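Biologist: I have a structure to go through with you. Could we take it step by step, beginning with the surface?

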Amino acid sequence: MTETESERLMGLPEGWTKYGADGEEIRPLQRYKVLGNAIALPCADYIMAGIYEVLADKVGKED
């Protein structure tokens, strides 16, 4: 699996992990490490949407 394919599976745009903050290109092994330690964006979005829904429902019942 390539770095680009890993980024796609995580829900990131292509090339998201290609360059560091200093503009230097990141080695493939380091890119895999970063992607391995990350949470998939679609999963985070789903969880946060559920939390928002519960909190919004509680606020609506207090009024």
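Biologist: How much area does the protein expose, and what share of it do carbon and sulfur atoms supply?

Modeller: Please bear in mind that this is a predicted model. The exposed area of the protein is about 5300 Å², and 59% of it comes from carbon and sulfur atoms.

Biologist: Which residues form a nonpolar patch on the surface?

Modeller: The patch is made of Ile39, Tyr46, Ile47, Met48, Ile51 and Leu55. Together these residues have about 670 Å² of accessible area.

Biologist: Take isoleucine 51 from that list. Where is its place?

Modeller: Isoleucine 51 sits in helix 3, which covers residues 41-62. Its relative accessible area is 41%, so isoleucine 51 is classed as partly exposed.

Biologist: Now the overall fold. How many helices and strands are there?

Modeller: There are 3 helices and 0 strands. In sequence order the pattern reads α-α-α.

Biologist: What radius of gyration does the protein have, set against a compact globule of 63 residues?

Modeller: The protein has 17 Å, whereas a compact globule of 63 residues would be near 11 Å. Along the principal axes, the C-alpha atoms fill a box of roughly 55 × 25 × 15 Å.

Biologist: And what percentage of the residues count as buried?

Modeller: Of the 63 residues, 14% are counted as buried. As for contacts between residues at least 6 apart in sequence, 46% of them join residues at least 24 apart.

Biologist: Let us turn to charges. How many salt bridges does the structure hold?

Modeller: It holds 2 salt bridges. In one of them, the side chains of arginine 31 and glutamate 7 meet at 3.0 Å, N to O. Arginine 31 belongs to helix 2 (residues 28-36) and glutamate 7 to helix 1, so this pair ties together parts that are 24 residues apart in sequence.

Biologist: Are those two partners buried or exposed?

Modeller: Both arginine 31 and glutamate 7 are buried. For arginine 31 the relative accessibility is 8%; buried means under 20%, and therefore the residue qualifies.

Biologist: What else is arginine 31 in contact with, beyond its neighbours within four places in sequence?

Modeller: Apart from those neighbours, arginine 31 has contacts with Glu3, Glu7, Gly15, Thr17, Lys18 and Ile26.

Biologist: Glutamate 3 is on that list. Which side chain of opposite charge is nearest to glutamate 3, and how far away is it?

Modeller: That side chain is arginine 31, at 4.3 Å. Glutamate 3 is buried yet has no salt bridge. A salt bridge requires the nitrogen and the carboxyl oxygen to be within 4 Å, so 4.3 Å does not qualify.

Biologist: Where does glutamate 3 sit, and which residues is it in contact with?

Modeller: Glutamate 3 has its place in helix 1. Leaving aside neighbours within four places in sequence, its contacts are Pro28, Arg31, Tyr32 and Leu35.

Biologist: What about serine 6, which also lies in helix 1? Which residues is it in contact with?

Modeller: With neighbours within four places in sequence left out, serine 6 is in contact with Met1, Tyr32 and Leu35. Serine 6 has 11% relative accessibility and so counts as buried.

Biologist: Back to salt bridges. Which residue does arginine 8 pair with?

Modeller: Arginine 8 forms a salt bridge with glutamate 14, and the closest N and O atoms are 2.6 Å apart. Glutamate 14 counts as exposed because its relative accessibility is 52%.

Biologist: Moving to the loop between helix 1 and helix 2, where glycine 11 has its place: how far apart in space are glycine 11 and leucine 41?

Modeller: Their C-alpha atoms are 5.3 Å apart, although 30 residues separate glycine 11 and leucine 41 in sequence. Beyond neighbours within four places in sequence, glycine 11 is in contact with Leu41 and Pro42. Glycine 11 counts as partly exposed, with 37% relative accessibility.

Biologist: Tyrosine 19 lies in that loop as well. What does it touch?

Modeller: Not counting residues up to four places away in sequence, tyrosine 19 touches Glu24, Glu25 and Ile26. At 48% relative accessibility, tyrosine 19 is partly exposed. The C-alpha atoms of tyrosine 19 and arginine 31 are separated by 9.3 Å, and the two residues are 12 apart along the chain.

Conventions
Residues numbered from 1 in each chain as written. Predicted model: local features only at pLDDT ≥ 70, side-chain atom pairs only at ≥ 80, totals over all residues. Heavy atoms only, no water. Patch = residues over 30% accessible without salt bridge, like charges linked within 9 Å, V, L, I, M, F, W, Y side chains within 5 Å. Areas by Shrake-Rupley, 256 points an atom, 1.4 Å probe, with all protein chains shown as cover. Helix = DSSP H or I, 4+ residues; strand = E, 2+ residues; numbered from the N terminus. Buried < 20%, exposed > 50% of the residue type's maximum accessible area, 1.4 Å probe, protein only. Contact = heavy atoms within 4.5 Å. Rg over C-alpha atoms; globule rule 2.2 N^0.38 Å. Lys, Arg positive; Asp, Glu negative; His and termini not counted.
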